[in-house]
Amino acid sequence: MKSKQFYKERYHPQYKLSKANIRLYNTILNLDVNTIFEFGCGIGRHLHRLEGMGYNCFGVDISKDCIREAKQHGLNVKVGDETSLSKFKPRDLVFTNSVLCHIENIDEALKNLKALSSKYLLMFECINKEGEHWYIHNYPGKEILTIDSHLEEGRTYKLFLCEF
């Protein structure tokens with residue numbers, strides 16, 4: 001299968017839910033939030049599902065191609081990275097899903113993400129893979145979930161929650 005086709009099937013907004021994503025969504029459902037900001041939204045599969053649950057969502061991604069596709073699905077998204085976060089208005093919940101683990105120095109990103117959140121910062125990040133474009137960090141907040149990856153043996157993800 002060609003890589004573009006694989007990507008579209010794997011990450012399309014209608015893609016089936018994994019156990020990890022179900023746990024992520026259940027965590028969000030248990031928070032008192034109405035507005036959600038996703039940093040690193042890709043083509044918007046999480047935003048699509050969360051909007052379907054009644055949330056007012058906005059997303060940012062570094063990839064112009066992903067943002068173009070997300071907009072084709074009617075999602076409210078913009079191109080941006082950790083240095084552009086101050087341009088956006090605060091939301092109740094800001095979350096990441098396997099994004100910060102691809103940023104070498106997350107200090108500025110965390111500062112900007114915290115400033116963007118009026119209630120919660122939720123980070124679902126890989127905590128033990130190191131290599132090209134993968135970095136191990138100590139994430140702030142309360143650790144509320146640990147999950148081993150179903151995609152790659154030995155990769156572990158943790159869900160961290162900061163309340164403001």
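# Exercises on a predicted model

Leaving aside neighbours within four places in sequence, H137 is in contact with L100, C101, I103, E104 and I106. The model is a predicted one, and the exercises below start from this histidine.

**Exercise 1. Describe where H137 is found and which backbone oxygens its side chain reaches.**

Step 1. Begin with the place in the chain: H137 is found in the loop between β5 and β6.

Step 2. Next consider accessibility, where H137 has a value of 13%. Since buried means under 20% relative accessible area, H137 counts as buried.

Step 3. Now look at the polar atoms of the side chain. The backbone oxygen of I103 is reached by the side chain of H137 at 2.8 Å, and the backbone oxygen of L100 lies 3.3 Å from a polar atom of that side chain.

**Exercise 2. Work out whether C101, one of the contacts of H137, is inside or outside a disulfide.**

Step 1. Find the nearest partner: the cysteine sulfur nearest to that of C101 belongs to C126 and is 5.4 Å away.

Step 2. Compare this with the cut-off. A disulfide needs two cysteine sulfur atoms within 2.5 Å, and C101 is in no disulfide.

Step 3. Repeat the search from the other end, where the sulfur nearest to C126 is that of C101, again at 5.4 Å, and C126 is likewise in no disulfide. For the whole model the count comes to 0 disulfides.

Step 4. Add the surroundings of the two cysteines: C101 is buried with a relative accessible area of 0%, and C126, at 1% relative accessibility, also counts as buried.

**Exercise 3. Decide how the buried residues of helices α2 and α4 are arranged around each helix axis.**

Step 1. List the buried residues of α2, which spans residues 19–29: they are A20, N21, L24, Y25, T27 and I28.

Step 2. View the helix down its axis. The buried residues of α2 fall within an arc of 155 degrees, so they line one face of the helix. An α-helix has 3.6 residues a turn, so residues three or four places apart point the same way.

Step 3. Ask what this face meets: the buried residues of α2 pack against the strands β1, β4, β5, β6 and β7, and also against helix α3 (45–52).

Step 4. Turn to α4, residues 64–72, in which C66, I67, E69 and A70 are buried. These residues cover an arc of only 165 degrees around the axis, which puts them on the same side of α4.

Step 5. Complete the picture of α4 with its other side, where K64, D65 and Q72 are exposed. Just after the helix, G74 takes a positive phi of about 80 degrees.

**Exercise 4. Follow strand β1 through T35 and F37, and state what each of these residues meets.**

Step 1. Start with T35, which lies in β1 and which touches N56, R91, D92 and L93 when residues up to four places away in sequence are not counted. The contact with D92 includes a polar one, as a polar atom of the T35 side chain lies 2.8 Å from the backbone nitrogen of D92.

Step 2. Move on to F37, whose ring forms a tilted aromatic pair with that of F88, at 5.8 Å centre to centre and with 50 degrees between the planes. This pair links distant parts of the chain, with F37 in strand β1 and F88 in the loop between β3 and β4, 51 residues apart.

Step 3. Check the accessibility of the two rings, and then look for further partners: both F37 and F88 are buried, and ring pairs link F37, F58 and F88 into a cluster.

Step 4. Compare a second tilted pair, formed by Y139 and F160, with 5.4 Å between the centres and 35 degrees between the planes. Y139 lies in the loop between β5 and β6 and F160 in strand β7, so the pair ties together parts 21 residues apart in sequence.

**Exercise 5. Name two residues other than glycine that have a positive phi, and locate them.**

Step 1. One of them is S98, with a positive phi of about 55 degrees. S98 is found in the loop between β4 and α5 and is buried, with a relative accessible area of 18%.

Step 2. Another is H133, with a positive phi near 70 degrees, and its place is in the loop between β5 and β6.

Note on methods: Residues are numbered from 1 along each chain as its sequence is written. Side-chain values use heavy atoms; hydrogens and water are left out. Buried means under 20% relative accessible area, exposed over 50%, partly exposed in between (1.4 Å probe, protein chains only). Helices (H or I, at least four residues) and strands (E, at least two) are DSSP runs, numbered from the N terminus. The arc is that of the directions from the helix axis to the C-beta atoms. Contact means heavy atoms within 4.5 Å. A polar contact is a pair of N or O atoms within 3.5 Å; within protein, one must be able to donate a hydrogen and the other to accept it, and residues adjacent in sequence count only if both atoms are side-chain atoms. Rings of Phe, Tyr and Trp (its six-membered ring) pair if their centres lie within 6.5 Å; planes under 30 degrees apart count as stacked, over 60 as edge-to-face and the rest as tilted.
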